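Here are three short exercises on how parts of a protein model meet. Work through each one before reading its solution.

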Amino acid sequence: MQKDVIIAGVGGQGILSIAASIGLAAVAENLRLKQSEVHGMSQRGGAVQSNLRISDREISSDLIPLGSADLIISVEPMESLRYLPWLSENGWLITNTTPVKNITNYPDLEEIMAEIRSLNNHIIIEADRIAREIGSPRSSNMVMLGAAAPFLDIGFENLEEAVRELFRKKGNDIIEFNLKALKAGKDIASEEISK
Amino acid sequence: MKNLMLLGDEAVAKAGMDAGISGIYAYPGTPSTEIMEYVQTSGQASDGGIFCQWSANEKTAMEAALGMSFTGKRAMVCMKHVGLNVAADPFMNSAVTGINGGLILVVADDPSMHSSQNEQDSRYYGKFAMIPVIEPSNQQEAYDMVFHGFELSEKYRLPVMLRLTTRLSHSRSSVKPENALSQKELSLPEDPRQFVLLPAIARKRYKYLLSVQDALEKESEDSPYNTITEGTDKSVGFIACGLAYNYLMEVMVREGLDHPVLKVTQYPLPGILIGKITGDCDSVIVLEEGYPFLEEMLRGFPVTDKRIRGRLDGTLPRDGELNPDHVAKAIGITVKEGPAVPAVIKNRPPSFCAGCGHIDMFNALLEAIDDFGPGRVFSDIGCYTLGALEPFNAINSCVDMGASVTMAKGAADAGLHPSVCVIGDSTFTHSGMTGLLDAVNDKSSITVLIGDNSTTGMTGGQKSSATGRIESICAGIGVLPERIRVIEPLRKNHSRNVEIIKEELEYKGVSVVIARRECIQVATKSRKQEKKHK
């Protein structure tokens with residue numbers, strides 16, 4: 001088993017919480033893991049990504065080779081397309097719909113969505129709307145993680161446990177909201193896949 | 001011992017503590033910052049009384065670490081690659097004084113310049129100083145080689161350099177830790193003049209350094225970290241240094257290749273091992289993260305060995321960090337790329353955080369300087385360097401820590417008026433103060449705009465050396481008190497701020513405007529923490 005995952009977004013959106021959750025769950029399943037992160041200048045509102053590799057064998061490279069990512073999880077629509085050259089033939093792209101328009105020349109959102117829809121394997125999730133509906137607008141990243149869950153080959157209960165661990169210090173209410181968000185994301189993705 | 005999930009930086013930090021360091025010194029700089037931060041937030045440091053405070057700059061950090069080594073205790077000092085330029089003086093001489101307690105200098109290089117002004121390769125500094133360099137290829141080695149480095153350091157009484165590069169510094173993986181060693185007892189150097197580099201003593205010390213070079217090379221030959229893996233296909237062999245080894249393995253395992261490979265993670269270079277692989281194979285591809293350090297030596301000058309391939313003959317890109325795809329292409333394997341990036345995608349460069357005080361500072365400066373014309377604002381290293389980008393286009397230089405002050409001075413000396421510099425509070429205390437003294441002594445007409453956000457912002461909000469003392473430092477250096485102005489960069493103060501900056505731009509002499517407002521990131525973080533404590 002090996003899964004190569006690119007997590008994409010804009011500096012400040014907290015993509016590392018998604019990576020950390022998958023990481024914790026992978027460790028619980030005794031899988032090996034390498035997770036490359038972006039620190040420094042780009043964290044100031046620039047394009048950021050994390051290369052996450054999990055496997056039952058030794059992983060050599062910290063970076064995912066071109067054309068071999070199983071999954072791109074993006075918390076911002078334009079950023080989801082930036083890493084397409086790394087996506088494998090059968091790979092999936094899962095993206096949130098809410099744009100972060102911190103540049104003056106942000107493209108027409110409809111054009112971006114058309115590009116995403118033109119891909120064979122894509123899931124578009126209104127993660128911010130769903131997070132608001134369950135009463136926890138800040139949990140949209142966990143909705144995205146939930147949407148990725150069916151593709152990760154990791155037991156859902158281990159992802160839930162990871163979310164508990166990650167938010168342990170923030171109290172039970174926050175944990176429950178994030179678990180709800182995780183479940184909501186998973187349900188929508190499962191529905192999309194079976195379509 | 002339970003395995004830990006650690007960044008390369010954190011593995012080094014954890015290993016330092018487990019190897020019994022009594023202190024760690026550093027100035028923040030991407031990609032090295034997380035080493036000190038890990039120590040500072042670990043219970044292990046507070047329990048063990050391990051000293052772990054930021055220094056004013058890399059030079060003071062290096063010297064303090066050498067001082068700790070003088071007492072017989074183990075010490076670590078960390079910086080980014082360009083920081084070693086600042087610390088080069090004590091670094092070079094520490095190879096001549098030698099050490100008492102083990103001393104490891106950790107340098108994190110940034111090939112591809114993700115967050116840097118250049119991509120210089122610190123291995124040249126290691127060779128320049130003639131000390132051992134270790135270059136781990138993964139997180140576990142980053143941990144293990146710290147122990148190895150301290151043993152080498154104490155065996156040869158020399159500092160050891162540990163070189164990291166961005167991808168290892170900032171990539172996380174599982175690390176198995178060892179039992180922690182206890183700290184060393186205080187014990188002064190046996191020879192009380194070891195550290196006195198008077199010429200007569202320095203010559204003796206230098207001869208000692210020269211005398212151990214063969215032994216250091218022998219250590220590299222025998223090191224468990226420098227190994228040859230045999231292979232049946234000898235049409236080509238590989239020498240892979242540090243992190244590059246991972247990319248090679250990624251490709252070889254995937255493609256089922258079977259070539260001889262020499263992995264190099266300890267320097268000085270192991271001549272016998274290198275001779276063996278170059279002798280055995282028809283050609284050799286050299287894979288190095290950084291400059292073609294080893295490749296250039298192997299090719300000879302004028303180029304005598306064209307069987308050596310790598311960055312210099314176009315087999316690999318001449319600049320930038322390596323990746324598995326570069327390595328695959330070098331071997332002649334076609335890389336299967338996914339779909340192209342659609343044309344509609346725009347670049348997203350970093351930008352000021354919403355609500356950042358630097359925005360209001362630049363808006364005020366731009367309006368104040370409008371009458372004088374553009375092209376006269378020297379700047380420095382920090383978040384405010386983003387003032388170079390749209391929509392501000394506000395600065396005309398960014399060279400090295402502190403250079404804004406001295407470049408503005410030089411331009412003023414040449415007759416440019418007004419000549420302005422924009423520098424942050426932490427960069428000012430790192431290397432701006434001495435330049436200000438030059439300007440005061442020479443009565444150079446410059447306006448120093450200090451963007452004082454009371455933190456080291458770009459690297460994530462580390463403690464700044466002189467928070468609350470910037471005015472008194474400037475006054476102490478000799479800036480006239482009436483020429484030290486403090487403004488609060490907020491939109492509501494805009495017209496008043498423009499006026500003040502204009503007054504100082506018109507003044508002939510040294511003036512300082514301190515634009516003081518707390519970093520928005522730090523302010524948000526501390527508000528959150530306050531809420532938690534309530």
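Buried area is the accessible area, taken with a 1.4 Å probe, that two parts lose on being put together, summed over both. The model used here is predicted.

**Exercise 1.** Find how much area is buried between chain B and chain A, and which three residues of chain B supply the most.

*Solution.* Start with the total. About 3,900 Å² is buried between chain B and chain A. Carbon and sulfur atoms give 55% of that area. Next, count residues: 48 come from chain B and 44 from chain A. Now look at chain B alone. B:Val344, B:Lys346 and B:Arg348 supply 20% of the area that chain B buries against chain A, more than any other three residues.

**Exercise 2.** Describe the polar links between the chains, then the side of chain B that touches chain A.

*Solution.* Count the salt bridges between chain B and chain A: there are 4. In one salt bridge, the side chains of B:Arg348 and A:Glu79 meet at 2.6 Å, N to O. Polar contact joins 22 residue pairs between the two chains. Several elements of chain B each supply at least two residues to this side, including strand E1 (4-7) and helix H21 (520-533). H12(B) gives the most, with 5 residues. By class, this side of chain B has 20 nonpolar, 17 polar and 11 charged residues.

**Exercise 3.** Classify the crossing of H6(B) and H10(B).

*Solution.* The axes of helix H6 (residues 88-97) and helix H10 (residues 199-211), both of chain B, come within 7 Å. They cross at roughly 80 degrees. Angles of 65 to 115 degrees count as roughly perpendicular, so H6(B) is roughly perpendicular to H10(B). Finally, list the residues. B:Ala95, B:Val96 and B:Thr97 in H6(B) meet B:Ala202, B:Arg205, B:Tyr206 and B:Leu209 in H10(B). This contact has 5 nonpolar, 1 polar and 1 charged residues.

Note on methods
Residues numbered from 1 in each chain as written. Chains lettered and ligands numbered in written order. Predicted model: local features only at pLDDT ≥ 70, side-chain atom pairs only at ≥ 80, totals over all residues. Heavy atoms only, no water. Axes fitted to C-alpha atoms, helices over the stretch in contact; angles between N-to-C directions. Helix = DSSP H or I, 4+ residues; strand = E, 2+ residues; numbered from the N terminus. Parallel < 35°, antiparallel > 145°, perpendicular 65-115°, else oblique. Contact = heavy atoms within 4.5 Å. Nonpolar A, V, L, I, M, F, W, Y, C, P; charged D, E, K, R; others polar. Polar contact = N/O pair within 3.5 Å; in protein donor to acceptor, adjacent residues only side chain to side chain.
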